[in-house]
Amino acid sequence: MNSSSEIPDSPFASLIPDIDRLAAEAMAVWKVPGAALAVVQDGEVVLTRAYGQRDVEADLPVTPHTHFVICSITKSFTATAVALLHNEEVLDWSKPVRDYLPEFRLSDAVATERVTIRDLLSHQSGLPRHDWVHMPGDLSPAEMLPLMRHLELSRDIRAAWQYNNLCYNAAGLLIERLSGKSFESFLRSRLTDPLGMTVSFSLDELAAGPEPARPYMIDVDTRLPALQLPIRTTAAGAINTSVVDLANWMRLHLGRGGFAGKRLLPAELIGQLHAPLTLTAKSEFSEFGHGHYALGFQTNTYQGERIVSHSGGWVGWGSLMTLVPDAGIGVAVLTNRSPSEVTSILTYYIIDRLRGREPVDWFARFRKIRDDFIAHIPVDKGTRQKARHPDTKPAHALSAYAADYAHPAYGVISIRERDGALHWAWRGMGAQLSHWHFETFVTPEIIDELHPDNLPITFQTDREGNIVHLSVPLEPTVKDIVFQRKAGGDCLDPAFRARCVGQFQSGAITHRVTLDSKGRLILKPDFQPAYRLEPQQGRRFRIVDLEGFAVEFSGEGESIGQIVFHQPNGTFLAERVAEEGRER
C-alpha cells in the first residue's frame, strides 16, 4: 500500500510506522480503496498521510492533496457561515426562520412560526429526515424548500434531536437571501479563501479538479464502484476538499476563530458553535459519554476529554473530523468508500497516542461488530421472508393498478402493467415489482443503481373497490407516505364533461350540472349549495367539500343518461330529464 507524508521530519514521525500499519490492516478488512488523514496539534499541521488508491481501475494513488466529498462535515461550514452573519447582526439566530425566509413552512402551523435558525442548525425542528425527498438528485435547493410544508413531523419542536438535511438546505438558502451571494460564493469569500482552502461543491467540479477521488461501495463484503450520486442539499453535505485544506479548517476552530494571526470569528461565537444543545445518544462504549449536537458539530467526551466532531457519509464516501479543543488536537480522515469504521479506528488511535494513553483496540472491537453483522444478513433475510403471507393474490386485475400516484413533496410514482407484471417508475428510478402478499408489491434489490430496495408498495381501495391511493414507508419514523391516484380517463376530456351538462332527477330532487368558466363541472342539487366536481378516474368525479361523496356519469356511447351517486349512506341513481327547449 502506498503512503505519503508531507512532514517526514516532524516530531510526530515516530508514530508513523504504527499508524501506517493500522491503516493497512483496517483498510484491508473494510475494503477501503483510499484514505487520507491530517493531524493538527498546537495550531500546526504535524502530519498529513495518504494511503491506497483514489481510482482503483486507473491505479491512481491517494495523496494529501486528493479531493474527496466530505459529506456532512459541510454542516460545520454552514453553521459557521451563519455565525458570521449573526456576529454582523445581519440575522439573529435565536429568531424564527420565517423572520428572514417568509416562505419557510412546515406541516405544523405552530412549528412553522416558532422554529428558529438555531433549531435548524441543531436538528430540533421536529421534522425527521425524509431523505428520499432529496436523494434522487433531481431537485435544486430552492425547489426543495416549498416541499417541506407537506412532510409529516414526528416530534414537537425541540422535543428531540432528529438529523435533517432538508433543514440545513433551508439554512443555505437563508445565507443566500441575507448575503446576496450564492451559498458557494459566500463560503469561498468569507471562509475557505481566507483559510487558503481549495473547495468545490458538485461532482462535476470534483471531476474537473486536478486530483479527484472516485467513490466505491460495499455489497455485503464485495467492493464495487459506487454511483456518482450528487448531493443537492448543498449546505448539508456537498463540499469537496482535501485533508491538507481541511487541516486549516480544524486550525480555525481549534484557534477559536483565529487563523494565521487573523481573526475570522470571535472566540465566544466558536464556543457557541461547539456547545452541546440537544442529546443525541449514549454510546455503548464506556470510553464515550453522552453525545450531543451543537451547531453544525457533534460533541461528546472521549476518555474523559471533550471532543467536537462531525462525520460524513454518502454513497461511496466516508469521512470524520474530530477536535480535542482543550488539548489543541485535530484529526481528519477522508475515504472514498461508503462509511466504515476505518475513520474512527485511525482517529481514536491517533488521539490516544498523542494523549499518552494505551490505545483502545478499536480495530478488534469494530471488526467483531462487522463480522457479526455480515453473518446475520442471511438471518435477517429469512426473517423478512417469514413475515410474508404465502399463497395470496392481488384483489384486482393488474391493469386496475396502472396509474400515476402523486404526493406533493415526494413526486409522482407511475405504475404500469407490462408483460404480465407491474412496473414502477419514480423520479428517474424504476423496476419490475413482485407481488408480496394481498395488495402489497415490493421493489427488487438493485445493487448498482440508486433504488429503494425491498420497498413495500401497498394499494388501498375505497368502499366501492376502486384503487384510490398507494402508500410507501419512505420515512420510517412517520406513517407511510400516501400517494393519491391521479385523475385519468374520460373525466379529463373537456368534450366528455360537456356531454355531462344537463338536469338529472332523483325522486323529487333535481340535480343541475353545468360548466364553470374554467371548464369544470358544477353540481347543484335542489335546496343545497353548488358543488364543484373534481375528476378522479374514468367517468367518476369527487364532490369537493363532501368527504366520501362521488358521482359517476354513465350512458350508452356518446349519450350521458344517468348520474350514479356514491355516498357513505349508499348508492343512488339520478336519470337525465328533458329540459325545456332541449332534446332529452
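This talk goes through one predicted model, from its overall make-up to two sheets, a pocket and a few single residues.

Let me begin with the whole chain. The protein has 584 residues, of which 51% are buried, and its secondary structure comes to 15 helices and 33 strands. Along the principal axes, the C-alpha trace spans about 105 × 55 × 45 Å. If we take the contacts with a separation of 6 or more, 57% of them are between residues 24 or more positions apart.

I turn now to the open sheet. Strands of a sheet pair through backbone hydrogen bonds, and they may do so in a parallel or an antiparallel way. In this sheet the pairing is antiparallel, and 9 strands follow one another in the order E20-E19-E18-E17-E25-E24-E23-E22-E21. At its edges are E20, which covers 429-432, and E21, which covers 434-437, and each of these pairs on one side only. On average, and with direction ignored, neighbouring strands here are turned by 25 degrees against each other.

Some of the pairings can be followed residue by residue on the screen. Strand E17, residues 403-407, runs antiparallel to strand E18, residues 411-418, and 5 bridges join the two; the connection between them is a hairpin of 3 residues, and His407 has Gly411 in E18 as its bridge partner. E18 is also joined by 6 bridges to strand E19, residues 421-426, again in the antiparallel sense, with Arg416 and His423 as bridge partners. The hairpin of E18 and E19 has 2 residues between the strands, and in it Asp419 takes a positive phi near 55 degrees. Elsewhere in the order, strand E24, residues 467-472, and strand E25, residues 481-485, run antiparallel and are joined by 4 bridges, and Val472 has Ile481 in E25 as its bridge partner.

Is Ala421, which lies in strand E19, buried or exposed? With a relative accessible area of 11%, Ala421 counts as buried, because the cut-off for that class is under 20%. Leaving aside residues up to four places away in sequence, Ala421 touches Leu398, Arg416 and Gln432. As a sense of distance, the C-alpha atoms of Ala421 and Ser94 are separated by 54 Å, with their positions 327 residues apart along the chain.

The other sheet I want to show is a barrel. Here 8 strands close up in the order E26-E27-E28-E29-E30-E31-E32-E33, with antiparallel pairing, and neighbouring strands are turned by 30 degrees against each other on average, direction ignored. Within the barrel, E29 and E30 pair over 3 bridges in the antiparallel sense, and the bridge partner of Pro535 in E30 is Phe541.

That brings us to the second largest pocket, whose volume is about 680 Å³. Which residues lie closest to its centre? Of the 29 lining residues, they are Asp462, Val468, Gln536, Arg540 and Arg542. The elements that contribute two or more residues to this lining are E24, E25, E29 (531-535), E30 (540-543) and E31 (550-554). E24 and E25 belong to the open sheet, whereas E29, E30 and E31 belong to the barrel. E30 gives the most, with 3 residues. By residue class, the lining of the second largest pocket divides into 10 nonpolar, 8 polar and 11 charged residues.

I will close with three loop residues that are worth selecting in the viewer. Ser340 lies in the loop between strand E16 (329-335) and helix H12 (342-354), and its relative accessible area of 12% makes it buried. Not counting residues up to four places away in sequence, Ser340 touches Trp30 and Val32.

The remaining two have positive phi values without being glycines. Val220, in the loop between strand E6 (216-219) and strand E7 (222-225), has a phi of about 60 degrees and, at 44% relative accessibility, counts as partly exposed. Phe438, in the loop between E21 and strand E22 (440-442), has a phi near 50 degrees and is likewise partly exposed, with a relative accessible area of 47%.

Technical notes. Residues are numbered from 1 along each chain as its sequence is written. This is a predicted model: local features need pLDDT of at least 70, side-chain atom pairs count only at pLDDT 80 or more; totals for chains, interfaces and linings use all residues. Side-chain values use heavy atoms; hydrogens and water are left out. Two strands pair if DSSP finds at least two bridges between them. Axes are lines fitted to C-alpha atoms, for helices over the stretch in contact, and angles run from 0 to 180 degrees between N-to-C directions. On a 1 Å grid over the protein atoms alone, a cavity is a set of points where a 1.4 Å probe fits but cannot get out, and a pocket is an open set with protein on both sides within 12 Å along at least five of seven lines; lining residues have an atom within 4 Å of a point. Grid points are joined across faces, edges and corners, and a volume is the space filled by probe spheres set on the points. Ala, Val, Leu, Ile, Met, Phe, Trp, Tyr, Cys and Pro count as nonpolar, Asp, Glu, Lys and Arg as charged, and the others, Gly among them, as polar. Buried means under 20% relative accessible area, exposed over 50%, partly exposed in between (1.4 Å probe, protein chains only). Contact means heavy atoms within 4.5 Å.
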